[in-house]
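This report is meant for someone meeting the structure for the first time. It begins with one pair of packed elements, moves out to the whole chain, and ends with a few single residues.

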Amino acid sequence: MEKGEIIMQDTRILNLVRRAQSGDRDAFGELVMEYESTVFGIVLRRLRNRSEALELTQDVFVQVMRKLPQLRERERFVGWLRQIAVRMSINRAV
């Protein structure tokens, strides 16, 4: 990806986050589609069980949907999402 493409991708994600925070379910659905495999990978590495990882991936996005209005810095969405996935994976593994 070139620099211009990266900036456009970042702008698109920021716009989706803004819209999802305003209650736009389609925008949230696009975020899920964009990051579902990333979250699944994080969760699977921790749990090492595919069916549990699939279930927890869904739980992560439910939690993200609930907490999204609290995210103040939209540009931190991806790191915030990963942090939730890691925390929930650790809690599930214990």
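In this predicted model, helix 2 and helix 3 are oblique to each other. The axes of helix 2, residues 25–47, and helix 3, residues 50–67, come within 8 Å and cross at roughly 140 degrees, and the crossing of these two helices is right-handed. On the side of helix 2, the contact is made by Arg25, Phe28, Val32, Tyr35, Glu36, Val39, Phe40, Val43, Leu44 and Leu47, while helix 3 contributes Arg50, Glu52, Ala53, Leu54, Leu56, Thr57, Val60, Phe61, Val64 and Met65. Sorted by class, the contact of helix 2 with helix 3 has 15 nonpolar, 1 polar and 4 charged residues.

Helix 2 also packs with helix 4, residues 77–93, at an angle of about 35 degrees and with the axes 9 Å apart. Helix 2 passes helix 4 in a right-handed crossing. The residues of helix 2 that make this contact are Leu31, Tyr35, Thr38, Val39, Ile42, Val43, Arg46 and Leu47, and they meet Phe77, Val78, Leu81, Arg82, Ala85, Val86, Ser89, Ile90, Arg92 and Ala93 of helix 4. By class, the contact of helix 2 with helix 4 has 13 nonpolar, 2 polar and 3 charged residues.

**The chain as a whole**

The protein chain has 4 helices and 0 strands, and along the sequence the pattern reads α-α-α-α. The radius of gyration of the protein chain is 14 Å, close to the 12 Å that the globule rule gives for 94 residues, so the chain is as compact as a globular protein of that length. Taken along the principal axes, the C-alpha atoms of the protein chain fill a box of roughly 40 × 30 × 20 Å. Of the 94 residues, 33% count as buried. Among the contacts in the protein chain with a separation of 6 or more, 56% are accounted for by residues 24 or more positions apart.

**Single residues**

Three residues, each with a place in the chain and a relative accessible area, can be set side by side.

| Residue | Place | Relative accessible area | Class |
|---|---|---|---|
| Ile13 | helix 1 | 7% | buried |
| Asp10 | helix 1 | 43% | partly exposed |
| Arg48 | loop between helix 2 and helix 3 | 75% | exposed |

Ile13 is found in helix 1, residues 3–21, and counts as buried because its relative accessibility of 7% is under the 20% cut-off. Leaving aside neighbours within four places in sequence, Ile13 is in contact with Leu31, Glu34, Tyr35 and Phe77. Of these partners, Leu31 and Tyr35 of helix 2 and Phe77 of helix 4 also belong to the contact between those two helices. The C-alpha atoms of Ile13 and Ala27, which are 14 residues apart along the chain, are separated by 9.3 Å.

Asp10 lies in helix 1 as well, and with a relative accessible area of 43% this residue is partly exposed. Although Asp10 and Glu75 are 65 residues apart along the chain, their C-alpha atoms are separated by 8.0 Å.

Arg48 has its place in the loop between helix 2 and helix 3 and is exposed, with a relative accessible area of 75%. Phi of Arg48 is near 55 degrees, which is a positive value in a residue other than glycine.

Technical notes:
Residues numbered from 1 in each chain as written. Predicted model: local features only at pLDDT ≥ 70, side-chain atom pairs only at ≥ 80, totals over all residues. Heavy atoms only, no water. Axes fitted to C-alpha atoms, helices over the stretch in contact; angles between N-to-C directions. Parallel < 35°, antiparallel > 145°, perpendicular 65-115°, else oblique. Left-handed = near helix turned anticlockwise from the far one by under 90°. Contact = heavy atoms within 4.5 Å. Nonpolar A, V, L, I, M, F, W, Y, C, P; charged D, E, K, R; others polar. Rg over C-alpha atoms; globule rule 2.2 N^0.38 Å. Buried < 20%, exposed > 50% of the residue type's maximum accessible area, 1.4 Å probe, protein only.
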